[in-house]
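Let's take a walk through this structure, piece by piece. Have a look at it first, and then read on.

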Amino acid sequence: QVQLVESGGGLVQAGGSLRLSCAASGRTFSRYTMGWFRQAPGKEREFVAAISWGGGSTYYTDSADSVKGRFTISRDNTKNTVYLQMSSLKPEDTAVYYCAVRFASRGSTEEVEYDSWGQGTQVTVSS
């Protein structure tokens with residue numbers, strides 16, 4: 001079993017930046033894929049980004065309000081932590097952000113393919 005704890009959320013003005021962290025414990029962190037999802041008020045949870053177990057492959061959402069170019073996912077296996085650096089934040093980025101783990105070496109954009117989830121951290125972007 002893996003325990004995930006997110007941190008780093010908060011209130012920020014549009015155009016600002018935040019870095020989310022997700023600390024993992026319980027199993028060998030370096031052997032699985034990590035992902036970030038988010039759920040905005042009144043909407044379904046959606047994929048944001050994922051990173052392979054070695055960090056060599058990253059995946060980002062292709063949704064209409066894509067985060068590509070603004071968000072960067074990374075991991076530090078020595079600290080059992082995955083990060084989501086968010087810049088040029090927009091009000092539509094407001095959501096609860098969840099960290100998730102997939103017990104596989106390759107990333108996935110599908111929520112059902114992730115095995116364990118954190119409790120989430122709130123990100124609010126004001127206009």
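A quick definition to begin: strands (E, at least two residues) and helices (H or I, at least four) are DSSP runs, numbered from the N terminus. Two strands count as paired if DSSP finds at least two bridges between them. What you see is a predicted model, where local features need pLDDT of at least 70 and side-chain atom pairs count only at pLDDT 80 or more, while totals for chains, interfaces and linings use all residues. Residues are numbered from 1 along each chain as its sequence is written, and side-chain values use heavy atoms, with hydrogens and water left out.

**The whole chain**

The protein chain has eleven strands and zero helices. Its C-alpha atoms fit a box of roughly 40 × 25 × 25 Å along the principal axes. The radius of gyration, taken over C-alpha atoms, can be held against a globule rule of 2.2 Å times the number of residues to the power 0.38. For 127 residues a compact globule would come out near 14 Å, and the protein chain has 13 Å, which agrees.

Contact here means heavy atoms within 4.5 Å. Of the contacts in the protein chain with a separation of 6 or more, 59% are between residues 24 or more positions apart. As for cover, buried means under 20% relative accessible area, exposed means over 50%, and partly exposed is in between (1.4 Å probe, protein chains only). By that yardstick, 43% of the 127 residues are buried.

**Strand 4 and its neighbours**

Strand 4 is a good place to zoom in: six of its seven residues are buried. It has these two antiparallel partners:

| Pair | Bridges | Residue opposite Arg38 |
|---|---|---|
| Strand 4 and strand 9 | seven bridges | Tyr97 |
| Strand 4 and strand 5 | five bridges | Glu46 |

Strand 4 and strand 5 also make a hairpin, with six residues between them. In that turn, Gly42 has a positive phi of about 75 degrees.

**Inside the fold**

In soluble globular proteins, nonpolar side chains tend to be buried together. A nonpolar core is a set of buried Ala, Val, Leu, Ile, Met, Phe, Trp, Tyr and Cys residues joined through side-chain atoms within 4.5 Å. The largest one here has 28 residues, and Met34, Trp36, Leu84, Met86 and Tyr97 have the most contacts inside it. Several elements give two or more residues to this core, including strand 3 (18-25), strand 4 (33-39), strand 8 (81-86) and strand 9 (95-102). Apart from it lies another core of five residues, among them Phe37, Phe47, Ala100 and Tyr114.

**The disulfide**

Which residues does the disulfide join? They are Cys22 and Cys99, with 2.1 Å from S to S; a disulfide is a pair of cysteine sulfur atoms within 2.5 Å, and the structure holds one. Cys22 sits in strand 3 and Cys99 in strand 9, so the link ties together parts that are 77 residues apart in sequence. The angle about the S-S bond is -75 degrees, making the link left-handed. Both cysteines, Cys22 and Cys99, are buried.

**Out on a loop**

Is Val112 buried or exposed? Val112 is exposed, with a relative accessible area of 75%. You'll find Val112 in the loop between strand 9 and strand 10 (116-117). Ten residues along the chain from Val112 is Arg102, and the C-alpha atoms of the two are separated by 9.6 Å.
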